[in-house]
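Here are a few short exercises on how a ligand is held by a protein. Have your viewer ready, and try each task before you read its solution.

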Amino acid sequence: MEKLKIAIQKTGRLSEKSLQLLDECGIKVSNGDRKLKTEARNFPMEVLFLRDDDIPQYVEKGVADIGILGENEVWEKEKEVDEIEKLGFGNCRLSLAIPKDEVYTNLDYFHGKRIATSYPKILKKYFGVKGIDVKIEELGGSVEIATGIGLADGIFDIVSTGSTLIMNGLKEVEAIIKSEAVLIANRNLKGVKQQLLDRFLFRIRAFKRGLGSKYIVMNAPNSSIPKICSILPGMKSPSILPLAEEGWSSIHSVVQEDQFWDVIDALKDVDAQGILVMNIEKMIL
Ligand code: AMP
């Protein structure tokens with residue numbers, strides 16, 4: 001039987017979250033013995049454990065059909081692959097940083113400067129568009145030490161909390177682009193492989209929707225129902241069930257995480273009582 005081959009990071013920041021995502025999609029994989037590849041037990045999928053910066057190449061060549069990795073690597077490698085879905089983890093930004101005692105004015109500061117990075121293509125493109133001439137020093141890793149040892153005047157690197165920069169006497173002066181983990185796919189998937197990818201994507205989207213939503217239940221006097229319904233966004237309209245107590249109802253709805261506190265504040269003002277909030281595991285539209 002044909003299988004969908006997925007490449008995920010072998011060891012590193014994205015590996016555990018990638019396996020967790022498969023698990024949330026009901027795809028059971030074990031990699032207890034740290035093999036290079038393994039098969040899912042209950043979905044036609046083969047999982048390849050690779051270095052994340054090699055994944056675009058493997059997916060372009062069709063060694064893997066799909067892959068999970070940081071967008072930063074997809075942009076840097078410039079391979080012929082499709083970015084199918086953002087996955088909501090591995091969030092970081094690519095930033096320019098300089099020694100903390102330097103005075104920074106604006107981007108023109110970098111004219112003629114040497115910048116160390118593991119992302120030369122992204123950086124070259126960025127300064128090319130801005131018309132600023134910089135010298136790029138390409139490094140495989142430990143970029144943040146480049147200024148301290150006199151190799152460069154600034155760095156261009158991944159930042160999430162910024163603590164690595166501070167520890168190395170640097171300050172972030174420009175956040176250039178945001179990145180998160182994405183699902184990429186080979187451009188020539190057809191037939192069974194495409195169907196399997198569609199099934200996998202359907203599950204990913206149900207999980208992501210669930211993550212961004214809360215299920216809320218509350219009690220209210222029937223006279224408040226119209227006001228409450230006008231506050232609740234819901235998937236269609238709220239469900240309203242009569243309570244044993246005459247003249248009262250229980251109202252159920254789904255609220256997006258980003259609107260959640262505003263909705264709760266508004267509900268408190270219109271007689272909603274005993275509001276319960278629950279996480280949603282999956283949401284199928
Ligand atoms: P690793 O090779 O284990 O450092 O994982 C690197 C990938 O994780 C990067 O290419 C990014 O997509 C993502 N990532 C997210 N936050 C960070 C961070 N603070 N430092 C390095 N990588 C990060």
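**Exercise 1.** In this predicted model, find which residues come nearest to the ligand.

*Solution.* Start with the shell: 13 residues lie around the ligand. Then pick out those that come nearest, which are Gln 9, Gly 12, Arg 13, Asn 72 and Ser 160. Finally, sort the shell by residue class: four are nonpolar, seven polar and two charged.

**Exercise 2.** Look for polar atoms of Gln 9, Arg 13 and Asn 72 that face an oxygen atom of the ligand, using a cut-off of 3.5 Å between N or O atoms.

*Solution.* Take Gln 9 to begin with: a polar atom of its side chain is 3.2 Å from a ligand oxygen. Next comes Arg 13, where a polar backbone atom lies 2.7 Å from an oxygen atom of the ligand. For Asn 72, go back to the side chain, where an N or O atom is 2.8 Å from a ligand oxygen. Now turn to area: the ligand taken alone exposes 470 Å², and the protein buries 78% of that.

**Exercise 3.** Place the ligand among the pockets and the domains.

*Solution.* The ligand sits in the largest pocket. List the domains next: domain 1 (4-89 + 181-210), domain 2 (92-179) and domain 3 (213-279). Domain 1 and domain 2 each give at least three residues to the shell around the ligand. As a last step, take the C-alpha centres of domain 2 and domain 3, which are 49 Å apart.

Terms used. Residues numbered from 1 in each chain as written. Predicted model: local features only at pLDDT ≥ 70, side-chain atom pairs only at ≥ 80, totals over all residues. Heavy atoms only, no water. Near = heavy atom within 4 Å. Polar contact = N/O pair within 3.5 Å; in protein donor to acceptor, adjacent residues only side chain to side chain. Areas by Shrake-Rupley, 256 points an atom, 1.4 Å probe, with all protein chains shown as cover. 1 Å grid on protein atoms, 1.4 Å probe; cavity = no way out; pocket = protein on both sides within 12 Å on 5 of 7 lines; lining within 4 Å. Sits in = over half its atoms within 2 Å of the grid points. Nonpolar A, V, L, I, M, F, W, Y, C, P; charged D, E, K, R; others polar. Domains from an automatic or database assignment.
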